[in-house]
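Open the model in your viewer and give each chain its own colour. Then follow along, one selection at a time.

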Amino acid sequence: MTGTVFDIKEFSLHDGPGGRVTVFLKGCPLRCKWCHNPEGLKKESQLLVKTAQCTNCGLCKKGCHHLECQPFGRCIKVCPKNLVRICGTEYEAKDLANKILEYSDFFELNNGGVTFSGGEPLLQHEFVKEVCSHLENVHKAIQTSGYADEEVFKSTIKCFDYVMMDIKIADREKHREFTGVYNDVILKNFQFLKNSGIPYIIRVPLIPDITDTEENLKGISKIVGTSPVELLSYNQMAGAKYESVGMQYSLTNDKNKEPDLSIFKNAILSK
Amino acid sequence: MSKALLDYILKKEHHKFRINAPEFAEEYKEKGLSPIERMTDRFEKLCSLETPHFLPEEKICFVRTIKNIPDCFTEDEWAELKDKYFIHELGYLSNLSPDYEDIIKCGLLAKRETANEYQKRSIDAILGLVNRYKEEAIKEGKPEIARVLERVPAYGATSFIEALQSFRIVHFALWLEGNYHNTVGRLDKYMYPYLKADMEKGLYTEETALALVEDFFLSFNKDSDLYVGVQQGDNGQSLMLGGIDKDGNEVFNLLSKLCLQASKNLLLIDPKINLRVNKNTPVETYVLGSELTKAGLGFPQYSNDDVVIDGLVKLGYDREDACEYVTAACWEFIVPKVGADVANIGALNFPKVVDNALHKHLLTSETYDDFAKEVKKEINAECDIICGNLKDLWFVPSPFMSVMCNNDTIWNGGKYNNFGIHGTGVATGADSLAVIKKYVFEEKSISKEELLDAVDTNFENAPELLHKLRYEAPKMGNNIDFVDDIAVWLLDTFSDALKGRKNCRGGIYRAGTGSAMFYLWHANEIGASPDGRLKKEPFGTNFSASIFADIKGPLSVIKSFSKPHFENAINGGPLTLEFHNSMFKDEDSVEKVAMLVKSFVELGGHQLQLNAVNLETLKDAQAHPEKYQQLVVRIWGWSAYFVELDKEYQDHVMLRQEYTL
C-alpha cells in the first residue's frame with residue numbers, strides 16, 4: 001500500500017535518541033493554532049511556494065504542458081530558484097522502508113533510528129505499520145498527538161520502540177478551542193501507553209498564554225503523574241512556513257513563560 | 001587568561017610600537033651579494049631593528065615591532081629569477097612544519113655547534129634580540145621573564161613556561177626571517193612532557209595550566225595581521241592535536257584538551273586548530289571537538305589517521321614519518337621536520353576539463369564511454385601542462401629555517417620533495433558528467449546540440465532545461481551511486497594521471513581534493529556548465545557539494561564524500577559541512593554532532609571541516625561591520641574575521657549558508 005510523505009529529514013536532533021532520520025507523514029486531524037508544519041495538515045499533495053526569495057519573473061505562471069503541473073495551475077519545473085514545489089510524495093511502503101534501511105549503518109554508528117512524525121502518523125496507521133514490518137532491526141520511534149481510535153493507537157504503537165506523545169492542554173473545552181478536537185480519546189490512549197511497557201515520553205509544547213499557563217501545566221501534571229515529561233519551548237519561527245502554503249499564522253512570535261518545573265514530578269525543559 | 005592582555009591585543013594597542021624597516025634590495029644588488037648572504041644579513045638587521053616590549057600581564061613575550069619585511073631582491077632581480085626558475089608564490093619558504101621539538105629540548109646553542117656560517121650568524125642574531133629582551137625585562141622589574149629568557153631558546157627548556165617561550169621566540173624568528181605559513185605542528189605531542197613534569201611537581205593545576213595555554217595562544221594573535229596571505233587570516237598558523245604516534249599510541253592528552261578549551265574560550269582565529277582522529281578515538285574527544293565547533297570558529301578541522309597514514313605510505317612515505325603527519329597552512333598533509341613538500345603548487349580544474357571535452361568531443365562521441373575517454377585525455381593533458389610548468393623550482397635560502405629543519409639545504413629539498421596538486425570543483429565536474437551520461441547518452445532526452453547551445457548561451461533561452469539540470473539531475477552529496485561513482489572515477493583518473501611522474505626535485509606528485517582560492521578563480525575560467533551552474537557562479541569550497549544542489553542532509557553528504565579512494569588522492573582538502581548554529585543549543589545535540597563526526601571517520605572519510613554559522617548574523621555584519629569586529633567565519637582552510645574579508649569572499653560564505661543543511 002502507499003502513503004504520503006511530506007519530508008524526510010536526515011540527522012534530526014530532537015526526534016528521539018541518537019542520530020535519527022525523521023519521516024513526516026502528511027495529514028493531521030488536529031488544527032493546533034501553533035502548528036509549525038502547516039504543510040503537513042492536508043492529507044493531499046499541495047503546492048508549496050517559497051515566496052521570500054521570489055523575484056516575480058513569472059515563468060511559473062506562463063502555462064505549461066506537464067501533466068504533473070496541471071492540478072496546481074503553476075509550472076513546478078521551471079523556477080530558476082526552485083521555489084515552486086509540490087509538497088507530498090506518495091511512497092509504496094516497501095520503497096519507503098528501503099529508503100530508511102539505506103541509513104542502517106548510521107543508525108548503528110549513532111545509536112539512532114527512524115522517527116515517524118507528521119502531520120499525525122496515526123492517520124496513515126496501516127501504511128506506518130506496513131513500513132515498520134520491513135524495519136525489524138531498526139530502532140523505531142513515533143511522535144503522535146495521541147488522537148486516534150483506541151484500537152488503532154494500540155495496534156500501531158506496539159510496532160514502536162519509543163513513543164513521543166503530546167498532551168497539549170488538560171482542559172477539555174480549551175483543547176477543542178485551540179486544537180479543533182476534544183482530548184478524551186487522547187487521555188484514554190495515554191492510559192494505555194502508560195501501562196504498555198513501551199518506553200515513552202510525554203511532550204508539552206509551551207505556547208504563550210495558551211499551554212504555558214500555570215493552570216494548564218498543573219492540569220497536565222495531574223494527568224501524567226510520574227510519567228516522564230519534556231516541556232518544549234515555543235518555536236518562535238513557528239509561523240515561518242504559512243505563507244508558502246497560502247495560509248495565515250494567527251499567534252504571536254513572543255517567547256513562552258519560563259515554566260515552573262516543580263509543578264511536575266519528572267520533567268525536563270528543552271529550549 | 002589575562003583579560004588585560006586580551007583587551008590590549010584586541011584593541012591593537014601594541015601596534016603603536018611598530019616601525020617601518022628600510023629597503024635593502026638595492027644595496028644588496030649593488031654589492032652583488034649572494035641570496036644566502038642577503039637572507040642572513042637581512043635577518044641580522046631586522047633582529048637589531050626590533051625593540052623589546054612587554055604587553056600588560058604577559059607571561060610569554062616577544063612582539064613584532066617591524067611592520068614590513070623588506071625584500072631581498074629588486075624587482076628586476078625577481079624578473080631575472082623568474083626567467084630562470086619556477087618561483088612558487090612569494091619565492092620564500094612556506095608551509096613547512098619545522099622541528100620545534102628538538103630546538104625546545106636542546107636549545108639553539110647546541111644547534112650552533114654543527115651549524116654553518118650563515119646559520120651561526122642567524123642564531124647569534126636572534127639570541128642577541130633575546131638578550132636585549134632579557135635586559136629590558138630586568139629593567140622593567142620582570143624577573144620571572146628574565147629568568148626564562150636567560151635559559152631559552154639558547155638552552156633546552158626545563159619547564160612548561162620555558163618550552164612555550166622557546167617556541168614563541170623561534171616561531172617569531174621564522175616569520176622575521178621572511179618565511180611564511182609557518183605551521184605549529186603537533187604541539188600537544190612535543191610540549192606535553194614539559195607540562196606533565198611541571199604538574200607532577202605541583203606547579204600547575206588544570207586551571208592554571210589552561211590560563212597559561214590561553215596566554216600562549218594570545219601570542220599567535222599579536223602579529224598575525226602582519227602575516228597576510230590571499231586574505232587577512234590566511235596565515236597558516238595551523239596546530240595539530242591528537243592522532244597516533246609511530247608506535248600506534250594515542251597522543252591525545254591533557255594538553256590537547258586544554259588547547260581545545262583555550263581556543264573555545266578565546267574565540268580568536270589563531271592558532272588554527274586541527275584534530276587527528278581514528279577508529280579508536282573515544283566519543284569524549286569528539287564531544288570536546290564539537291564543543292569547539294559550537295563556538296563558531298570553524299575549528300577543529302578533523303583528519304582521519306586511518307586513511308591519511310595509509311595514503312601517505314602508499315605514496316612512498318616511511319610509516320614512522322607518515323604517523324607524524326600534520327597539516328600545512330590549510331589542510332594539505334605534510335610531514336614535520338624532514339618533509340619539504342610543496343603541497344599547494346598547482347591545481348586541476350575539474351569542471352574545466354569537462355568543459356574542454358564537452359566542446360571538443362561531445363558531438364563526435366558515440367557512447368558515454370567514448371566521451372569519458374576524452375575527459376581522461378583532457379585530464380592527462382592538463383596534468384602535462386601543470387607539471388610541465390614546474391621546472392627548476394627555486395626557493396630563497398633561509399638559514400634559520402634550515403636550523404629548524406635539521407637540514408642546511410632545506411630550500412633544495414628534504415627527505416620528501418613531493419608536489420601537491422589541488423583538485424577544484426569535483427562535485428561540479430561529476431554532476432556535469434552525470435547530466436551528460438544520463439540525459440544525453442542513456443535517456444537521450446537531451447540532444448548534444450541542445451546541451452551545448454544551452455551551456456554556451458548560459459541557459460538564457462532554456463529555463464525548463466536549466467531547472468531540470470540544476471534541480472532534478474542527480475547531484476553529488478545525495479548518496480546516489482550514479483553520480484558519486486563518477487566523482488570517484490574523476491579522482492582516480494586525476495591521481496593516475498599524476499602517477500609515475502617525477503618532479504624537478506626528484507619527488508612525486510600528489511593529487512588532492514582541496515580548492516584553496518581556486519573555487520572562485522577557476523570558476524571564472526569557464527562559462528555555464530552542464531550541471532545547470534550558471535556563468536560566474538562559484539564552485540563549492542574544497543571537497544563539497546555544488547552550492548545550489550538540493551541536498552537531502554548531512555548523512556547523505558557524508559556517504560557521498562566518503563566513497564572516493566582517498567589513499568590515491570591524499571594531498572588533502574576537506575569535506576565541508578555547515579550547520580546552523582542553533583543546532584548546537586543543548587548538550588544532547590553537541591553529543592549527536594560528535595557521533596556524526598565519529599561516523600564520518602568510521603565510514604572512511606579523510607578530512608572534515610564542520611562549521612556552525614548563522615546567515616542572519618552574517619547579513620547584519622555585512623551591513624554593520626562595526627558591531628561585529630570579532631565575528632569569525634571559515635573560508636577555505638583557515639578562519640578569518642568576517643569584516644576584514646573582501647566582499648567577494650564574504651558573499652561566498654553567505655551563499656554557502658543559503659543551502660545550509
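Begin where the two chains meet: chain A and chain B bury about 2,500 Å² between them, and carbon and sulfur atoms give 55% of that area. Keep in mind throughout that this is a predicted model.

**Stop one: the interface**

Select the residues in contact across the boundary. You should find 28 residues of chain A touching 29 residues of chain B. Switch on polar contacts next, and the interface shows 17 residue pairs in polar contact, both partners at pLDDT 80 or more. Now look at chain A's side of the boundary, where the elements giving two or more residues are strand S1 (2-12) and helix H2 (104-109) of chain A. H2(A) supplies the largest share, with three residues. Colour this side of chain A by residue type and you get twelve nonpolar, eight polar and eight charged residues.

Which side chains form a salt bridge here? Select Arg85(A) and Asp550(B), whose side chains meet with N to O at 3.2 Å. In total, three salt bridges cross the interface of chain A and chain B.

**Stop two: a salt bridge within chain A**

The structure holds 63 salt bridges over all chains. For one of them, select Lys257(A) and Asp212(A), whose closest N and O atoms are 3.5 Å apart. Lys257(A) sits in the loop between strand S10 (229-232) and strand S11 (267-270) of chain A, while Asp212(A) is in the loop between strand S9 (200-205) and helix H7 (214-224), so this pair ties together parts that are 45 residues apart in sequence.

**Stop three: a pocket**

Move on to the second largest pocket, with a volume of about 620 Å³. To find its centre, select Leu90(B), Tyr180(B), His181(B), Val228(B) and Gly229(B), the closest to that point among the 32 residues of the lining. By type, the lining divides into 15 nonpolar, ten polar and seven charged residues.

**Stop four: an enclosed space**

How many cavities of 30 Å³ or more does a search of the whole structure find? There are three, and the largest has a volume of about 70 Å³. To see the walls of this largest cavity, select its lining in chain B:

- Leu93(B), Ser94(B), Asn95(B) and Leu96(B) are part of the lining.
- Ala340(B), Asp341(B), Val342(B) and Asn344(B) also line the cavity.
- Phe395(B), Ile410(B) and Arg505(B) belong to the lining too.

Colour these by type to finish the tour: six are nonpolar, three polar and two charged.

How values were computed. Residues numbered from 1 in each chain as written. Chains lettered and ligands numbered in written order. Heavy atoms only, no water. Contact = heavy atoms within 4.5 Å. Buried area = accessible area lost by both parts, 1.4 Å probe. Salt bridge = Lys/Arg side-chain N within 4 Å of Asp/Glu carboxyl O. Polar contact = N/O pair within 3.5 Å; in protein donor to acceptor, adjacent residues only side chain to side chain. Helix = DSSP H or I, 4+ residues; strand = E, 2+ residues; numbered from the N terminus. Nonpolar A, V, L, I, M, F, W, Y, C, P; charged D, E, K, R; others polar. 1 Å grid on protein atoms, 1.4 Å probe; cavity = no way out; pocket = protein on both sides within 12 Å on 5 of 7 lines; lining within 4 Å. Points joined across faces, edges and corners; volume = space filled by probe spheres on them.
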